[in-house]
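Let's walk through this model together, going from a single pair of residues outwards to the partners. Keep the 3D view open as you read.

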Protein chains: 2
Amino acid sequence: MATIEDVAKAAGVSRSTVSYALSGKRSISPETRQRIDAAIKILKYTPNAGARALRTSQTSVLGLLVQFHDDEFAPAMLQYILPIADTARSLGYDILMMTEADGAEALTRTTESGMVDGLVLLDVTDDDPRLDALRAARQPSVLVGLPGNTRGLDVVDLDFEGAARTLVDHLHELGHRELILVTPPQHVYDRGGAYSWRFRDAAAQRAAALGIGLAVHCGESQQPAINQSWHDFLDGSPGATGLIVHNDASVAALPHVLHQRGIRVPDDLSVVSLYSQDFARWFSLPYTFVDSSPSMLGQLAVEQLARRIQASDHAGPHGTRLLSADLVDRDSTREV
Amino acid sequence: MATIEDVAKAAGVSRSTVSYALSGKRSISPETRQRIDAAIKILKYTPNAGARALRTSQTSVLGLLVQFHDDEFAPAMLQYILPIADTARSLGYDILMMTEADGAEALTRTTESGMVDGLVLLDVTDDDPRLDALRAARQPSVLVGLPGNTRGLDVVDLDFEGAARTLVDHLHELGHRELILVTPPQHVYDRGGAYSWRFRDAAAQRAAALGIGLAVHCGESQQPAINQSWHDFLDGSPGATGLIVHNDASVAALPHVLHQRGIRVPDDLSVVSLYSQDFARWFSLPYTFVDSSPSMLGQLAVEQLARRIQASDHAGPHGTRLLSADLVDRDSTREV
DNA sequence: CTGAAAGCGCTTACAG
DNA sequence: CTGAAAGCGCTTACAG
């Protein structure tokens, strides 16, 4: 591979001149610049990333920490990963993706060795075991998902409380007075996925304030338990006129279950949910929903991280940013 | 961050001794080793990745080139990415994931700058625009997916021809003589996704050889076109007793369509397909299938790539390896 | 069994 | 507007 020395020789200048021509940090005469550009093109010169990183302590690489759980509904994950990768690239960064179970180890390994300029953490839990290592790292980071203790951290997440209230209010305004809420499965609570109880508690509180009956159930994550649980929930609340679903695997199975039972939406039952546009498309889901906005969250996270990295004054964290979610009306609800 | 110099001082030895203690490339006295290990632990020393890469021209990073298409059924992608990341890590590599549209540029950028030791390419097409850049790169690589011209390349892919024959034979042995085949959507053919015609042509040839009638249709990739196309296909072949589906989005919608039409499987119709275990689980698909084995393919690809990277003799490519796929019988077929 | 030193390919303060 | 030189943190051939 060509080095900066090769380019300098070919262009008849010094290495420093080539370097400055590349960085634009000092003015170069037009003729010199032309010779350098020509040499770079001919030699197909690309600066060596390792040498640059060694010299500048900057890698132009962001670490992305993803956690996978066997019991998880994985299709949803990619919706976060792609916009993160795309936004990173548009800001000049590449993505080093780590999927191993021991996220804290991966975090330490890549930060201590200087492989990354910053980190994005996905699937953050209430008491996330990666946070101690994160606070000890010298690189900045952004979490997607709200942990219990946000001290010293940058966090981006959906406003799940607001989303829950939006959906309860929507059904309340249409006259519904008895609702069913299906939440994420039990293991999400157990694991500390705070979005599960943040949504649930806000929905319950709002329903209580509005005098609405709300039957709350943990949904399942695997067939055939999912379909069975649906039958149980529906049988258990024969008077319910509205259904709020906050559970990807369960809502994906819902059209089939409702069809089986001969329940028409919205004629017999009003249904609202919380998921993303892409998810709705993949699973052909026709329900009114609050957009979980994974691409917006991913984009915000990376933009915030890039800002932190480039902040010359080593400014402290920006804090927690909760994205308020919009209702997308798909006419799966009706007045009662 | 602590450097090797810090460790050397703390342990009262030279930098080279620390380096050799770390690499194990020469013997170190037990006392010295102990002092070094202690210093490393106290200082939390991790070698700087940039410096090591500069010196050794090895990064312990593999590039992963993923291509996304707006019209694609993205959930399937993650099944390849995860096992690749896991296998890489178990072999000591991290993954630099590139998702940008211009894969050739990403490839050149990361190889020329020495950011990666090797590359895995996903979604390889018949006339893949990344292959010229790939052949010019100094790092080895492995493709997942068979291109038209494999000269000088390492390829891992499913034996789609064998999979097609397995499925046709399975139905033939049960007495079926009139079948429907639903293939990937037209845009997959247009894009050069060779698996589409490899499967189709092998199925057609086998059916012809066995004297079976085979109605071949391109499936759709988006609702509501998917459901409509299913009705067209089924209406168009009222005498068909067996259905072969090679289309993720279409097969995901099939249970609902069959239920709508009151078609019972296998009583009224035998159904077989080609997809992965995870896919079947996510979409609750109950059909007999040939396992598309994404995790096996990802693992084989990375193992082969690691072998190429570590081959001291710069051995040439291993060639093309087609994984023969197994039939998983889920009792969605019956004798006719 | 251990050390001193060269050098990987950059960037940038210093000098002109 | 341009150049010579130091130094980032490693690894390894050379020397003992």
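**From one bridge to the whole assembly**

Start with Ile180(A), whose bridge partner in β7(A) is Ala215(A). That pair belongs to a parallel pairing in which 6 bridges join β6 of chain A, residues 178-183, to β7(A). Strands here are DSSP runs of E with at least two residues, helices are runs of H or I with at least four residues, and both are numbered from the N terminus. Two strands pair if DSSP finds at least two bridges between them.

Before going further, a word on ground rules. This is a predicted model, so local features need pLDDT of at least 70 and side-chain atom pairs count only at pLDDT 80 or more, while totals for chains, interfaces and linings use all residues. Residues are numbered from 1 along each chain as its sequence is written, chains are lettered from A and ligands numbered from 1 in the order in which they are written, and side-chain values use heavy atoms, with hydrogens and water left out.

Now zoom out to the sheet. It's an open one of 6 strands in chain A, with mixed pairing and the order β7-β6-β8-β9-β10-β12. β7 (213-218) and β12 (327-328) of chain A are at the edges with a single partner strand each, so one side of each has no neighbour in the sheet. Across β6, β8, β9, β10 and β12 of chain A lies helix α8 (residues 160-173), running at about 165 degrees to β9(A). That angle is taken between N-to-C directions on a scale from 0 to 180 degrees, using axes fitted to C-alpha atoms, for helices over the stretch in contact; contact means heavy atoms within 4.5 Å.

Next, the two protein chains. Their contact takes 46 residues from chain A and 46 residues from chain B. The area buried between them is about 4,200 Å², and carbon and sulfur atoms give 64% of it. Buried area is the accessible area (1.4 Å probe) that two parts lose on being put together, summed over both. On the chain B side, Met97(B), Glu112(B) and Trp282(B) lose the most area to chain A, together 13% of what that side buries.

Then there's the DNA. Strand C is surrounded by 29 residues, the closest being Ile4(A), Arg55(A), Thr17(B), Ser27(B) and Thr32(B). Sugar and phosphate make up 50% of the DNA strand C atoms within 4 Å of the protein. A residue is near a strand if one of its heavy atoms lies within 4 Å of it. Look at the phosphate oxygens of DNA strand C: one is 2.6 Å from a polar backbone atom of Ile4(A), and one is 2.9 Å from a side-chain N or O atom of Ser29(B). α4(A) gives the most to the surface near this strand, with 5 residues.

What about DNA strand D? The closest of its 29 surrounding residues are Thr17(A), Arg26(A), Ser27(A), Thr32(A) and Arg55(B). A side-chain N or O atom of Ser16(A) lies 3.0 Å from a base nitrogen of DNA strand D, while for Thr32(A) such an atom is 2.3 Å from a phosphate oxygen of that strand. Here α4(B) gives the most to the surface, with 5 residues.

Methods:
A polar contact is a pair of N or O atoms within 3.5 Å; within protein, one must be able to donate a hydrogen and the other to accept it, and residues adjacent in sequence count only if both atoms are side-chain atoms.
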